[in-house]
Amino acid sequence: WRYAMRYSKYFYNSEFRLMPEKERLAAISVAGAPRLFWKQWIFEKKTKNGRLLLVNMINLPEGDYISERHEPTKPQKNVVLTFNKQRNEKVKKIVMLNAEPEPHSVKLKSRTDNNKVTVTIPEIKWGTGILIETEK
């Protein structure tokens, strides 16, 4: 609950809208973590100077069911997220919103190649949010 409270301005902000499936899958791709649940949870908020994208990620357990009795999930390491930015868009920052050990954020270093911006997420234990802030 501390995670939800710490980042409530993103999670509970009604201005964040679920991106249409075609748009979100064109904007974001993730490699290196086959048991990571993320495609259904990409939200966007238009801002005065650009937009915010929030990619929520859940590290799924080995089985297909989540319960209190499943084995702890193995952390996913070095997960690569690629953001396909729009033509006149600049990425201001990309931040990882962590829940453990205490809610905190970590600014991620990005690499840009034409319109593709890539970050490596060092580790995802149970879940995280990736916040991408852009400007025009």
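**View 1. Lys85, a buried lysine without a salt bridge.** Lys85 is buried and yet has no salt bridge. Its nearest side chain of opposite charge belongs to Glu89, 6.7 Å away, in what is a predicted model. A salt bridge would need a side-chain nitrogen of Lys or Arg within 4 Å of a carboxyl oxygen of Asp or Glu. What Lys85 does have is a backbone partner: a polar atom of the Lys85 side chain lies 2.9 Å from the backbone oxygen of Glu89. To find the spot, look in the loop between strand E6 (76–84) and strand E7 (90–98). Skip the neighbours within four places in sequence, and Lys85 is in contact with Val91, Thr112, Asn114, Asn115 and Val117.

**View 2. Glu44 and its arginine partner, Arg51.** Here's another charged residue to zoom in on: Glu44, in strand E4 (residues 42–46). Is Glu44 buried or exposed? With a relative accessibility of 12%, Glu44 counts as buried, because the cut-off for buried is under 20%. The Glu44 side chain makes a polar contact with the side chain of Arg51, at 2.7 Å. Leaving out residues up to four places away in sequence, Glu44 touches Glu15, Phe16, Arg17, Met19, Arg51 and Leu52.

**View 3. The one aromatic pair in the structure.** Which way do the rings of Phe37 and Trp41 meet? Their centres sit 4.8 Å apart and their planes are at 90 degrees, so this pair is edge-to-face. For that label, the planes have to be over 60 degrees apart. As for accessibility, Phe37 is partly exposed, with a relative accessible area of 27%. Trp41 counts as partly exposed too, at 31% relative accessibility.

**View 4. Inside the largest nonpolar core, with its 23 residues.** If you want the members that touch the most others, pick out Ile28, Met57, Leu81, Ile121 and Ile130. Strand E2 (28–31), strand E5 (50–59), E6, E7, strand E10 (116–124) and strand E11 (127–135) are the elements that give two or more residues to this core. E10 gives the most, with four residues.

**View 5. Around Ile28, and a core that lies apart.** Zoom in on Ile28 and, not counting residues up to four places away in sequence, you'll see Ile28 touching Trp38, Ile42, Leu53, Val55, Leu81, Thr82, Phe83 and Ile132. Apart from the largest core lies another one, made of six residues, including Leu52, Leu54, Val95 and Leu97.

Note on methods. Residues are numbered from 1 along each chain as its sequence is written. This is a predicted model: local features need pLDDT of at least 70, side-chain atom pairs count only at pLDDT 80 or more; totals for chains, interfaces and linings use all residues. Side-chain values use heavy atoms; hydrogens and water are left out. Buried means under 20% relative accessible area, exposed over 50%, partly exposed in between (1.4 Å probe, protein chains only). Lys and Arg count as positive and Asp and Glu as negative; His and the chain ends are not counted. A polar contact is a pair of N or O atoms within 3.5 Å; within protein, one must be able to donate a hydrogen and the other to accept it, and residues adjacent in sequence count only if both atoms are side-chain atoms. Contact means heavy atoms within 4.5 Å. Rings of Phe, Tyr and Trp (its six-membered ring) pair if their centres lie within 6.5 Å; planes under 30 degrees apart count as stacked, over 60 as edge-to-face and the rest as tilted. A nonpolar core is a set of buried Ala, Val, Leu, Ile, Met, Phe, Trp, Tyr and Cys residues joined through side-chain atoms within 4.5 Å.
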